[in-house]
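Work through the three exercises below with the coordinates open. Each task is followed by a stepwise solution.

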Amino acid sequence: MIVRFIARDGTATTTVATPGDRLLDAAQAHNQPLEGTCEGQLACATCHVIVDPADFARLPPATEDEEDMLDLAHNATRTSRLACQIRLTEALDGLTVRIPN
């Protein structure tokens, strides 16, 4: 499946990801600047991404715990999510996310 990352400078990188992986794992495997300090334990927001509005409705809703962490994320938007909480599926093929400033 395809995932597209938009870097802080606007550069787009298209990568191939494996269904079942977390978006954070796919990002790190393709040298995207997402830390994931808490390793997906919902204890930080260092894997914050901004999902393209056209793709946002394809994601399952964020949990209350994820919403709480997003409240702490720098430059959060209406379509912000934590990459550690997005499990990639074929339904998300072509997902586009932006790395926030």
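A disulfide is taken here as a pair of cysteine sulfur atoms within 2.5 Å. The model is a predicted one, in which local features need pLDDT of at least 70 and side-chain atom pairs pLDDT 80 or more, while totals for chains, interfaces and linings use all residues. Residues are numbered from 1 along each chain as its sequence is written, and side-chain values use heavy atoms, without hydrogens and water.

**Exercise 1.** Count the disulfides and state the status of C47.

Step 1. Applying the rule gives zero disulfides.
Step 2. C47 takes part in none; its nearest cysteine sulfur, in C84, lies 3.7 Å away. Seen from C84, that separation of 3.7 Å is too far for a bond.
Step 3. Check accessibility, where buried means under 20% relative accessible area, exposed over 50% and partly exposed in between (1.4 Å probe, protein chains only). C47 is buried at 2%, and C84 is buried at 5%.

**Exercise 2.** Derive the strand order of the sheet and find its edges.

Step 1. Take strands as DSSP runs (E, at least two residues), numbered from the N terminus, and pair two strands if DSSP finds at least two bridges between them.
Step 2. Five strands then form an open sheet with mixed pairing, in the order β2-β1-β5-β3-β4.
Step 3. β2 (12–16) and β4 (80–82) each have a single partner strand, so one side of each has no neighbour in the sheet. From one strand to the next, the twist averages 35°, with angles between N-to-C directions of lines fitted to C-alpha atoms, on a scale from 0 to 180 degrees.
Step 4. β1 (residues 2–6) pairs with β2 in the antiparallel sense over five bridges. R4 has T14 of β2 as its bridge partner, and V3 stands opposite T15.
Step 5. Five residues separate β1 and β2 in this hairpin, and G10 in the turn has a positive phi of about 95°.

**Exercise 3.** Classify the lining of the largest pocket.

Step 1. A pocket is an open set of points on a 1 Å grid over the protein atoms alone where a 1.4 Å probe fits, with protein on both sides within 12 Å along at least five of seven lines; lining residues have an atom within 4 Å of a point.
Step 2. The lining includes R8, E35, H48 and N101.
Step 3. Count Ala, Val, Leu, Ile, Met, Phe, Trp, Tyr, Cys and Pro as nonpolar, Asp, Glu, Lys and Arg as charged, and the others as polar. The result is six nonpolar, four polar and two charged residues.

Technical notes:
Helices (H or I, at least four residues) and strands (E, at least two) are DSSP runs, numbered from the N terminus.
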